[in-house]
Structures are given as structure tokens and as C-alpha cells.
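Welcome! Please have a look at the protein below before reading on.

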Amino acid sequence: MKKTFLSVLAILLFALLAVPAYADSTITVSAQDLTYDFPKSMTFTASASSDAEIQKMTLVIRFPTVTRRVDAEITPGKEVDARIDWNLDTDNSSATGGYIPPGVTATYTWVIEDAAGTTFETEPETFSVEDNRIDWETIENDDLAIHWYGAGESFGQGIYDAGIETLKQVREELGAGAGGKIHIWFYTDREDFQTSMPDMNVWTGGRSFGEYRVIILLNEPVDALDAVRGARHELTHQIIFDSLGGGLARQAFPHWLNEGFATYNESGDRSLVEYISGPLNRAIANDALPTLKSREANFPPDSQEALVSYGLSYAVVDMLFREFGRTKVQEMYRSFQEGVPSDATFTKVFGLDTNGLDNMYRESVGLPERVLASAGVPTPRAIPTFALSSAETPSKSGSNVTPTPRSVAAANTSAPAAATVVPASGASNEGGAVSTGLCGLGLGGVALAMFGAYGWRKRRNPTRL
Ligand SMILES: [Zn+2]
């Protein structure tokens, strides 16, 4: 052991002594700065000099889960001024930036290389992105920050209290650990909200950025109960996002189960809101329930079909807790965390596969058993998968946009309605992996379905919630 330590020491000493032999130039940075113009841009500047010609200056930004590198366009020389205008006003990550949601704290450094082969990296500078057009009120602890304006203290306090309770309750229930501080920003003015993010559809009412742990919601008119529901729903998705870990687990976790948990947790007493229970009950009465299998990857774009899907997902999660108990649900969750596919997980834990659970629920509401192939492939939907769960965000002009948002929007044109929850995050990942967003956990349609869901609710119940 001692010998190993000494060898390591020897190597380190050699390395230290060796540095001057290679670095025959000295790079210094005389000034650096960051200025913001949210939501348009951030400007990073640095001035560097060296005995040798500076050939490259790279800005490296380290976000909590993503690292971005951007090379400045410089004229090589012994004294160089570099400037990078980071464009926030685009969803698409590009060489010149990409949207970063408010609430994100990151560090940046400059890496400078000269012709003599010297590389110099500045000390990390920490910065936080914030919508500084608005004078925010904030209530926070180490786990959760609620930011709002245009409503009284009791509004923020109520959401904060419900949020803390939700985090504790859902983490306990799923056996999930904490994943880092979550920021929720409540906009109480539609125009502020719509200009806070690029490519915002008029009917969008919220977006979530799972990998940044940022949730942005519109709450206009101010409606405390609706805000609490939205926060509880999104926090549940965030807990699942954080605790599932890598891609395999996220792929294994069915979309209906993710939305089922989120809907189940919307209210403290686990009741189902009327705007979902109504369509669900009508589907039961008409024996028109979709299969769970068909909701494994996404929800349909039609708002009514989506609502029934939320209802069914809620009802099956509710059944799992009531019929099998929390310990079994936790066992199921751990199995997903290990990346075990859904049918294998359900069979191992409950003795029933997805179709078995489906029929168990059907029987509980008096519907006949449905015979389905166990190895059934999820029914293909019109929504291209991964459209929203990639690092792209749906936009009006982007080629990756599915037709869905527009069709939902068209259906809702009489009253641009609040939606919720679009997974998005336009950052490339240094490791090459693509993180998924919240409601898009499995695949794309989720968020679209939620557009419809919220649209429907806001139209039919403009003041009730
Ligand atoms: Zn959701």
C-alpha cells in the first residue's frame, strides 16, 4: 500500500516538474464578464493574452446534468478579446446557445489554447438564469423553490406547503430519494409567460424541464387550487424523472404509469378531478376504455381520448395501491429502476402482466374481460415517438414537430387554453445521451395529450378550479 502511495507521489512530482518543460508560454486572462438580456440572450466576454499566439478560446458551461462547449470566433494573436452571444431565444441547441429555463444554476469557464501548446482554464464562475424582467416573490428551502408574482403571499405559501408535502409523500410512497432542488415558476400574466420561452404556442400553459429540475406554469387568472394541482402533478413527474436514473429505466417505465402517478398525486386525498372522472365514467359506461398496452408509449392527441387515458391511468394506479399495497408498489418501482421491462415487472410483483392488470380493472368496474395477446405490441399512434422526448422542443416551424399540437390547438381555438407540461430542453449532452423531459418520459405524445387535457379543463371549467 505504502509503495503504491509513493509511486503515485513520484509520478505526481514528475508531472509537476515536467510542466515547465512543455509550457513555455503563459496565458493570462485580464477580464471576463457575463451580461443577460432574458429571455433573448446571455453575453460572455473574456480578454486573454499570452507570449505565444492564442489560437482558441472555448466557453465551457457546466449545467447540473449537461455540459456545453462553444468556441469563440477569434482572430488569433497574443492579445485576444472573445465574445459569445448565447442565444436563449431558440429551442434548438446550436453552436450559439439554446434556451435555458430560469432557475438553472451553472458554472462557466474559458479554456484558452495557444500556439506553444499551453492550455489555460479560468476558475469556474457560478451564475443563475432568471427571468429578471419580473420582480419575483420566492419561498424556498434546499429542496424546492416556488417563485411567483401578481398574487399574494398566501398563494406562494399554499403551493410551497403542498409542494413540500408532495415531495415527502411521493418519495416515501415510491421509495425514491431526493434528486436536487426543484424550481417552479408561476407566471400570472399570459404575455410574460408566452415571451419567457421561444416557440411558445398560444395554447401552451406550462413546460417542464426535467433535467434542469425546472417547472414553468401559467396561472391566469390566479387560481390557487389549480396552481397546487399543477405543482403536485409536475413534482410527481420530477421525482420519477430523478429517481428512475438512466435511460433503460426510463424506457421501461410505461407512460400510462407515469401519468397515472402524477394524476393520482394531484390532490392530497387522491381524488380524481371531475374533468377527468367524467370522460372516464362515460368510457366505462360505453365499454370504450382503451387498453393499457396502447398507452404504454404515449397518449393520443385528441383531448377527450387523452382525458380517458389520464383517468384510466389514475384508476389503475389507485387500484395498485388499494389492492396490492404500498410495499408492492415500491417493489414494482424498484424493478423499473433496475430497468426490468414492464410486463416482466408486473408479472414478478403482482402476478399479472399489463393486460392482466387491465382486465383486473375492467372487472372492478363491471366490464367483461378482454382477451389480448400478452406479448402485444403497443398500438401505434399517429404521433411520432421521441418527438418531444429528445433534446428538441416542439415548435411551429421545426421539422420535428408533430402535427398534433396544431390539431389540438385548432380544436381549442375558441379559447386559447392553458396547457401544461412540455418536456423540453435544448441542450446537447456531452456524454451523447439524450435526456427526456417529464411528461414525455417515455415518448412524445404525452405532453400533447396534456395540452388537450388542460385546454379542455380551462374551457369547460374556467373558474371552478
Ligand atoms: Zn403529466
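This report walks through the overall build, the core, some helices and a few unusual backbone spots.

**Getting started**

The model is predicted, so to be used here local features need pLDDT of at least 70 and side-chain atom pairs pLDDT 80 or more, while totals for chains, interfaces and linings use all residues. Residues are numbered from 1 along each chain as its sequence is written.

**The overall build**

The protein has 13 helices and 12 strands. Helices (H or I, at least four residues) and strands (E, at least two) are DSSP runs, numbered from the N terminus. Of the 465 residues, 45% count as buried. A residue is buried if 20 or more other C-beta atoms lie within 10 Å of its own, exposed if 12 or fewer, and partly exposed in between, with C-beta atoms placed from the backbone. Two residues are in contact if their C-beta atoms, placed in that way, lie within 7 Å. Among contacts between residues at least 6 apart in sequence, 72% join residues at least 24 apart.

**The nonpolar core**

In soluble globular proteins, nonpolar side chains tend to be buried together. Here, the largest nonpolar core has 89 residues, and those with the most contacts inside it are Met-57, Ile-159, Ile-184 and Val-316. Such a core is a set of buried Ala, Val, Leu, Ile, Met, Phe, Trp, Tyr and Cys residues joined through C-beta atoms within 7 Å. Helix H8 gives the largest share of this core, 10 residues. At least three residues come from each of domain 1 (21-128) and domain 2 (137-460), with bounds from an automatic or database domain assignment. Which residues does Ile-159 touch, not counting residues up to four places away in sequence? They are Ile-146, Ala-227, Val-228 and Ala-231.

**Helices that pack together**

Two packed helices are described by the angle between their axes and the distance between the axes. Helix H7 (residues 274-285) and helix H8 (residues 303-324) pack at about 90°, and their axes are 8 Å apart. Axes are lines fitted to C-alpha atoms, for helices over the stretch in contact, and angles run from 0 to 180 degrees between N-to-C directions. H7 and H8 are therefore roughly perpendicular to each other; angles under 35 degrees count as roughly parallel, over 145 as roughly antiparallel, 65 to 115 as roughly perpendicular and the rest as oblique. On the H7 side, the contact includes Tyr-275, Ile-276 and Leu-280, while the H8 side includes Leu-307, Val-308 and Tyr-314. By class, this contact has 11 nonpolar, three polar and no charged residues. For that count, Ala, Val, Leu, Ile, Met, Phe, Trp, Tyr, Cys and Pro are nonpolar, Asp, Glu, Lys and Arg are charged, and the others, Gly among them, are polar.

Helix H11 (residues 354-364) also meets H8: its buried residues pack against H8 and helix H10 (342-350). Those buried residues are Thr-354, Asn-355, Leu-357, Asp-358, Asn-359 and Tyr-361. In the loop between H10 and H11 sits Leu-352. Leaving aside neighbours within four places in sequence, Leu-352 is in contact with Phe-346, Thr-347, Leu-357 and Met-360. Is Leu-352 buried or partly exposed? Leu-352 is partly exposed, because 15 other C-beta atoms lie within 10 Å. Just after H11, Gly-366 has a positive phi of about 80°.

**Unusual backbone spots**

Most residues other than glycine have a negative phi, and most peptide bonds are trans. The table lists four exceptions.

| Place | Feature | Value |
|---|---|---|
| Phe-38 and Pro-39 | cis peptide bond | omega about 5° |
| Glu-220 and Pro-221 | cis peptide bond | omega about 0° |
| Arg-213 | positive phi | about 55° |
| Arg-270 | positive phi | near 65° |

Pro-39 is in the loop between strand E1 (27-37) and strand E2 (41-62). Pro-221 lies in the loop between E12 and helix H4 (224-244). Arg-213 belongs to the loop between E11 and E12, and is buried because 24 other C-beta atoms lie within 10 Å. Arg-270, in the loop between helix H6 (255-264) and H7, counts as partly exposed because there are 15 C-beta neighbours inside 10 Å.

**Apart in sequence**

Glu-211 is in the loop between strand E11 (206-209) and strand E12 (214-218). With 23 C-beta neighbours inside 10 Å, Glu-211 counts as buried. Glu-211 and Phe-241 are 30 residues apart in sequence and 8.1 Å apart in space, C-alpha to C-alpha.
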